[in-house]
Amino acid sequence: MVDSAFATDDVIRARIHAWQRELGAVRRLADNTLEAYGRDLDQFLQFLAGHTGGPVSLKTLKDLRGADVRAFMAQRRSESLGSRSLARVLSALKSFFRFLEREGVMATEALNVIRTPKLPRSLPKALTVIEARDTISTTKEMEDRPWVAARDMAVLSLCYGAGLRIAEALSLTRADLESAVLRVTGKGGKTRMVPLIAPVRRAIDLYLELCPFKSWPEEPLFRGVRGGVLSPRLIQLRVAQLRGALGLPPSATPHALRHSFATHLLGKGGDLRAIQELLGHASLSSTQIYTAVDTDRLLDSYRKAHPRG
């Protein structure tokens, strides 16, 4: 494979750096997304260098055809890349070329003729109310150190009781807990307010009472056993232990607790727009998938209970 440092000229590399700065500083994309976009563009430029037989220049990009992009996408598909990953690749490429157009560098229609791969419709796999509660309450039986057990219970309580992503829970500071409403910084650096219900507050207070490390207002709340910032991997491993203990399916993960939060709210008559705000979804379509989950559960219960089901 051609190394990207030699696959592009200095002008292209400078434009790539400017694009990445814009994605981070202006659009405030998450670090993982920035890394993935950069990797996707890098692979495309390496492909173009081999495809055209020379370093990629602005002229190479101006002469780009839809067939060139299709050839790249076909290669990535042959490498067993799934539809979701291919859609992200195409999104990264379109983002870069739109940036070049906005900057007045060049314009191309090559990517406009490429359709986004059709994504399989997968429903979030929520736990039942009893499974979610058992997952949290059983945590203390899996850990001999009371403060670590209290910490893990508090994190999982935030996932289920406040609908937080695990990264959002682990980035909380004491300053975020100053009122009955939790200030959460989500994807893209967007802040939202989430009610902090009593059971979740009690779980956090117990952790703070038992934690041997002092935390300052602006420092991350949850700590590892050596006092550093808690790794999400440790919470994922804890839930894996709980899956085995409770006989839960592989889909039972920390993120499944967030799905359960939304599904159970909706099942109790929660407003879809309010749930969208609580989850921090930018688009209502992202939240609407939970209506399908709730409908599926309703139909399943109907089939099992009805005499002619």
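This passage looks at how some of the helices pack together and at one of the pockets.

The structure is a predicted model, and a convenient place to begin is the pair formed by helix α2 (residues 10-25) and helix α3 (residues 31-52). The axes of these two helices lie 11 Å apart, and the angle between them is about 160 degrees. Because angles over 145 degrees count as roughly antiparallel, α2 and α3 are therefore described as roughly antiparallel to each other. The crossing of α2 past α3 is right-handed. On the α2 side, the contact is made by Ile-12, Ile-16, Trp-19, Gln-20, Leu-23 and Gly-24, and α3 contributes Leu-34, Tyr-37, Gly-38, Leu-41 and Leu-45. Sorted by class, the residues of this contact comprise eight nonpolar and three polar ones, with no charged residue among them.

Helix α3 also packs against helix α5 (residues 66-78). Here the axes are 10 Å apart and the angle is about 115 degrees. Since the range from 65 to 115 degrees counts as roughly perpendicular, α3 and α5 are therefore roughly perpendicular to each other. Their crossing, too, is right-handed. From α3, the residues in contact are Asp-40, Gln-43, Phe-44, Phe-47 and His-51, and they meet Asp-68, Val-69, Ala-71, Phe-72, Gln-75 and Arg-76 of α5. This contact has five nonpolar, three polar and three charged residues.

Further along the chain, α8 and α12 form another packed pair, with axes 7 Å apart and an angle of about 35 degrees. Leu-156, Cys-159, Tyr-160 and Gly-161 represent α8 in the contact, whereas α12 supplies Pro-254, Leu-257, Arg-258, Ser-260, Phe-261 and His-264. Six nonpolar residues, three polar residues and one charged residue make up this contact.

Both α8 (146-161) and α12 (254-267) also take part in lining the second largest pocket. This pocket holds about 490 Å³ of space, and its lining consists of 20 residues. Nearest the centre of the pocket are Tyr-160, Gly-161, Ile-197, Pro-199 and Val-200. Tyr-160 and Gly-161 have already been met, as α8 residues in the contact with α12. Besides α8 and α12, the elements giving two or more residues to the lining are α7 (129-137), β2 (191-195) and α10 (198-210). By class, the lining contains twelve nonpolar, five polar and three charged residues.

Terms used:
Residues numbered from 1 in each chain as written. Predicted model: local features only at pLDDT ≥ 70, side-chain atom pairs only at ≥ 80, totals over all residues. Heavy atoms only, no water. Axes fitted to C-alpha atoms, helices over the stretch in contact; angles between N-to-C directions. Helix = DSSP H or I, 4+ residues; strand = E, 2+ residues; numbered from the N terminus. Parallel < 35°, antiparallel > 145°, perpendicular 65-115°, else oblique. Left-handed = near helix turned anticlockwise from the far one by under 90°. Contact = heavy atoms within 4.5 Å. Nonpolar A, V, L, I, M, F, W, Y, C, P; charged D, E, K, R; others polar. 1 Å grid on protein atoms, 1.4 Å probe; cavity = no way out; pocket = protein on both sides within 12 Å on 5 of 7 lines; lining within 4 Å. Points joined across faces, edges and corners; volume = space filled by probe spheres on them.
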